Each structure stands twice: as C-alpha cells, then as structure tokens.
Amino acid sequence: MNKNVFIIGSGFSSLSASCYLAKKGYNVTVIEKNSTLGGRARQFKKDGFTFDMGPSWYWMPDVFERFFNDFDKKRSDFYDLSKLDPAYKVFFGKNDSMSIEDSLQKIKKVFEKEEKGSSIELEKFINEAKNNYDIAVKDMLYKMPGITPLELITKKTVFKVKSFISNIRREVRKGFKSHRLRAILEFPVLFLGAKASNTPAFYSFMNYADFGLGTWMPKNGFYDVVQSMVDLGKSLGVQYMTECNVESILIENKKVEGLIINKEQHFCDIIISGADYAHTESLLDKKFRQYSKDYWSKKTWSPSSLLFYVGFDKKISDVAHHNLFFDTDIDEHSSDIYDEPKWPENPLFYANFTSKTNDKTAPKGYENGFFLIPIATSISDNDQLREKYFDIIITRLEKFTGEELKKHVLFKESFCVKDFEKEYNSYGGNAYGLANTLMQTAFLRPNLRSNKVKNLYFSGQLTVPGPGVPPAIVSGKLVSDLIIKDEKTI
Ligand SMILES: Cc1cc2nc3c(=O)[nH]c(=O)nc-3n(C[C@H](O)[C@H](O)[C@H](O)COP(=O)(O)OP(=O)(O)OC[C@H]3O[C@@H](n4cnc5c(N)ncnc54)[C@H](O)[C@@H]3O)c2cc1C
C-alpha cells in the first residue's frame, strides 16, 4: 500500500517535496495553517492593487527550470518569464543613482565609468563567481543533504579551500575602491542572511546569479510560481489543506504516528515539516527534540523585516521595478541588526514597484509600492515604531524622486516581527531563516532527518542549502531523495 506523507506548511520546500514524493507514488497531503498556500510568498490584494508579500527577486532561473524538468515539464508550460532591464536601480543620494542593466557587458561599462580599471576586475570577479556557481548550484547543492562533512569534499572543492576561509567583503575590497561598487557587489549575499564580512567568499556565486544570469520576473508576479507548483502537485495527486493548524506531532515507539490538526487526530506514515524548525520541535514532546533553546538562541539568524504594502494614487517617476536605497552606512545598519540588535538609526531600504513593468498590479495611472527595511530579530515592534519608519523612508523617497508622495498614499499595510511570529510561527520573527555563515553551512545546519524520531523529516530555509526560494526548492528535493533512500534501506 502507498504510504501517507503529511507535509507541514506550504512554503516552496513543502510544495517541491510534495511533487517529488507524489511522483514516486506516495499519498501526499500539504497542511497549511494560513488560508492561502505559498508560505512567505503569499499574495495580498486590495482595491485593485496586487502585492507579492514576500519574495520578489527571481534569481537562478535554472533552478526553477530544473524543477519543472524533473517532472518532464518546462517552466514555460506554467508561466511566462521576462528579464528585467534594468535589473535594479541603486540610489546613493539625491541625483545620485546607478542602474544595473541586463547584461554583464553593459554593467562593465557602468563600473568603468565609476572607477577606472574596475571593468577588468569585474570580469575576473565574475569569472570566479561563475566557477563557484557551476560547482555549487549546478553540482553540489543537489547532492548535499547535510549528513556528513564529506559532502563538501569533491575534486572541484579541494581547490576552493581559500574561498571558504576568506569572506565576500575581503574579496570585494581587494578589487574595488569605490564605495558604490563595493556596496553593489556586497548586496547579493544579503539574501543569504549575514554580513558580507561573515559570509564565505565561495558564496560569490550569488554575484554570478546577479550579473551573469540576471533578474527575472514571472508575468503575474512571484505568486505565479506558487500557483504553478500547486497545479503541478494537483496533477500528481497532492492534496492541499488550508486553515489547518498543526498543534502537535504524535509519536509512538519513537516513530511518527500522526498529527493533531485543528484539535483532530490524523494518522500518517511519514512527516516532513517545512515550517520553522524551532516551532516544529515545539510540537514534539521534549524528549524528542534534537535542539535546545540555547542552540537556537546562539544561531546567526537572517534579519526580520519591516514591510509596507502601499497603494499610491499616482505614477512615480525615476524609480525602477527593483530599487535599493544605499544612501546610508551599510556597516552601521548591519551592526544594528547583528552586533547590537536595535532599531536602525539610519536604515537602508529596498522598494519595488511591480506596476512599473506589469500594469495589472495597480489600477491605471496608479503605482504599487513594496518597502522592506531589514531589522534585527526579536526586537520590539509596535504601531508607533512602524509609523516612524514609514515616515523616514517615504521622506527619503520624496527627496530622491523630487515628488510629493505622502499625500498620494491611498493605503498602507505593514508587516513586521510580530506578524512573522504570528503568521508563520517564525523564530524571533526571522524573515528568511538561518544565515549561510561558514559555521551554518551544509552539515552544520539543522538536520533534514530527525535523529530522535523515525520518519520525521524537515525542509526549508533553516535546513540545507539555506535561505531563498531556489534553495527552498532544492531543499524539497533533497528531503524527498532522503526519504526515498531511507525507505529502500528498511
Ligand atoms: C519579505 C521577504 C522577502 C524575501 N525576498 C526573497 C527574494 O526576493 N528572493 C528569494 O529567492 N527569496 C526571498 N525570500 C526568502 C524566501 O521567501 C524563503 O526563503 C522561502 O520562501 C522559504 O520557504 P520555506 O519552504 O522554508 O517555507 P516558508 O515560506 O517559511 O513556509 C512555511 C509555512 O509553514 C506554515 N506553518 C508554520 N507553522 C505551521 C503549523 N503549526 N501548522 C501548519 N502550517 C504551519 C507557515 O504558515 C508557512 O506557510 C524572502 C522572504 C521574505 C519573508
């Protein structure tokens, strides 16, 4: 008889795992506490405006393509994708911005204009980054369930030891003097959740993802990806349950027995949890938890975020689809996140206006704005603070664009630490899991397979490979491969 698998949460890792296991013949049910699927990638609609609530940067298109190929499909069978040009715009002050265009050749010209000789350095840097990408993303990522350190040692990585010891900041500073170019080159690893000075140089493959592969956009926004993975899952027989809160995990003889969902018992053979790891372990009796409170409190967490979803009753000129506001000191802001956690004095922020490239996301003549300020996890969060920071960023946006914006805000909704905790059971309100520092890479990350309970598995951004949508999709494959392998050895 086919085994029943319950998957807790409907983030990308859960959606991915559900498809792989259903294809192998398992009866799979995805159980989500919220009313819609997609985990942190939910959609928010209001008064004719549509917002992706979480991820917005579609990088590493090859990972998405590979996922659909594994089911004898193509990404284009599900959604259209276009490359953004410019990929993004970086603001350093009033009348001081740089646009990162859609090819390395064009970007090299921008670099050369900023700093003589930097285009040659960039070519070298990106060649190395491509080499790392080919090793990491095309090869290793899919073979590293994080079980043993030996996974890291391959014919190709033995020549890369230096790049695990060095860090991104050091490598960037070797080649580039301009603080603008340095900031642009250090930006991609922010997606990995830690400071550039705390991220191994090997992760420069994110720079290749940025400059080499480019920034893409699904036609109707990121939610297209969620919808497509759910459609694929349904065609393979996956069942989806929403508004179903998993309250505890039932164990019998140190083996998974089932779940309590909305106060009712449901039985199954195998459980994967794509929900935050610390939360999942809190659903277990203490003796079945692998990690203590102390373990989680000592981890380097990705930041939390203060988010705003804003409807403007006008078009905003001089902004691109993606915009980074790097007009303040990145080190000062990073220190407020990681070293002495507190609300940032002078925050950097990110904004996207998807209505710049997709007129369906806002009513005609209007603009939708998504704003993100990275902040420390577990800090105080209240309406006054949210208002204060909205005023800070909107004032700066007015200054940069030279346009009045405050009085054109039709509505704004915010999302912050408390919401991450409440909506996603996120530890300390983290936005994207555990950072990819050297000590939180590969086998040093929390296990995909419980070592205390048989048939209990984990996936997602706290496990391998790490934060971000492409890694979450890979994580779903890694955990499914592990389950299939474990089942064969029974
Ligand atoms: C604001 C923001 C911006 C981001 N930007 C980008 C980006 O531009 N590009 C990119 O690649 N990545 C980005 N990320 C990161 C990316 O979204 C995540 O790494 C990825 O989506 C995580 O997927 P996951 O599988 O770990 O699950 P999650 O998305 O964390 O989903 C877990 C799910 O489990 C559910 N759950 C929790 N507890 C229970 C329970 N008891 N019962 C039932 N269900 C439960 C939660 O409701 C949630 O739906 C961003 C994240 C955020 C928050």
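Mentor: On a 1 Å grid over the protein atoms alone, a pocket is an open set of points with protein on both sides within 12 Å along at least five of seven lines. A cavity is a set where a 1.4 Å probe fits but cannot get out, and lining residues have an atom within 4 Å of a point. The model is predicted: local features need pLDDT of at least 70, side-chain atom pairs need 80 or more, and totals for chains, interfaces and linings use all residues. Numbering starts from 1 along each chain, and side-chain values use heavy atoms, without hydrogens or water.

Trainee: How many strands does the chain have?

Mentor: Helices (H or I, at least four residues) and strands (E, at least two) are DSSP runs, numbered from the N terminus. The chain has 15 helices. Its strands number 19.

Trainee: How many residues surround the ligand?

Mentor: Look for a heavy atom within 4 Å of the ligand. Ser 13, Glu 32, Arg 40, Trp 57 and Gln 461 are the closest. The helices α1 (12–23), α14 (417–424) and α15 (469–488) each supply at least two shell residues. The full count is 36.

Trainee: How many of the shell residues are charged?

Mentor: Asp, Glu, Lys and Arg count as charged; Ala, Val, Leu, Ile, Met, Phe, Trp, Tyr, Cys and Pro as nonpolar; the others, Gly among them, as polar. The shell has 17 nonpolar and 15 polar residues. The charged ones number 4.

Trainee: What percentage of the ligand's exposed area does the protein bury?

Mentor: Start with atoms that face ligand nitrogen. A backbone N or O atom of Lys 33 lies 3.2 Å from a ligand nitrogen, and a polar side-chain atom of Asn 245 lies 3.4 Å from one. For Asn 425, a side-chain N or O atom sits 2.9 Å from a ligand nitrogen. Alone, the ligand exposes 1,000 Å² (Shrake-Rupley, 1.4 Å probe), and the protein buries 97%.

Trainee: Which helix gives the most to the lining of the largest pocket?

Mentor: The largest pocket holds about 390 Å³ (the space filled by probe spheres set on the points, joined across faces, edges and corners). Of its 18 lining residues, Lys 124, Phe 125, Glu 128, Glu 171 and Lys 174 are closest to the centre. Three helices each supply at least two: α4 (118–136), α5 (161–165) and α6 (168–175). With 6 residues, the top contributor is α4.

Trainee: How many charged residues line the largest pocket?

Mentor: Sort the lining by class. Nonpolar residues number 6 and polar ones 5. The charged count is 7.

Trainee: Which helix gives the most to the lining of the second largest pocket?

Mentor: The second largest pocket has a volume of about 300 Å³. Its lining includes His 279, Arg 289, Trp 296 and Asn 425. Two elements give two or more residues, α10 (277–282) and α11 (293–297). The one that gives the most, with 4 residues, is α10.

Trainee: How many charged residues line the second largest pocket?

Mentor: Nonpolar residues number 4 here, and polar ones 4. The charged ones number 4.

Trainee: Which strand gives the largest share of the lining of the second largest cavity?

Mentor: The second largest cavity has a volume of about 110 Å³. Of its 13 lining residues, Thr 50, Phe 51, Asp 52, Thr 354 and Asn 368 lie nearest the centre. Two or more residues come from each of β4 (49–52) and β17 (367–375). The largest share, 3 residues, comes from β4.

Definitions and conventions. Polar contact = N/O pair within 3.5 Å; in protein donor to acceptor, adjacent residues only side chain to side chain.
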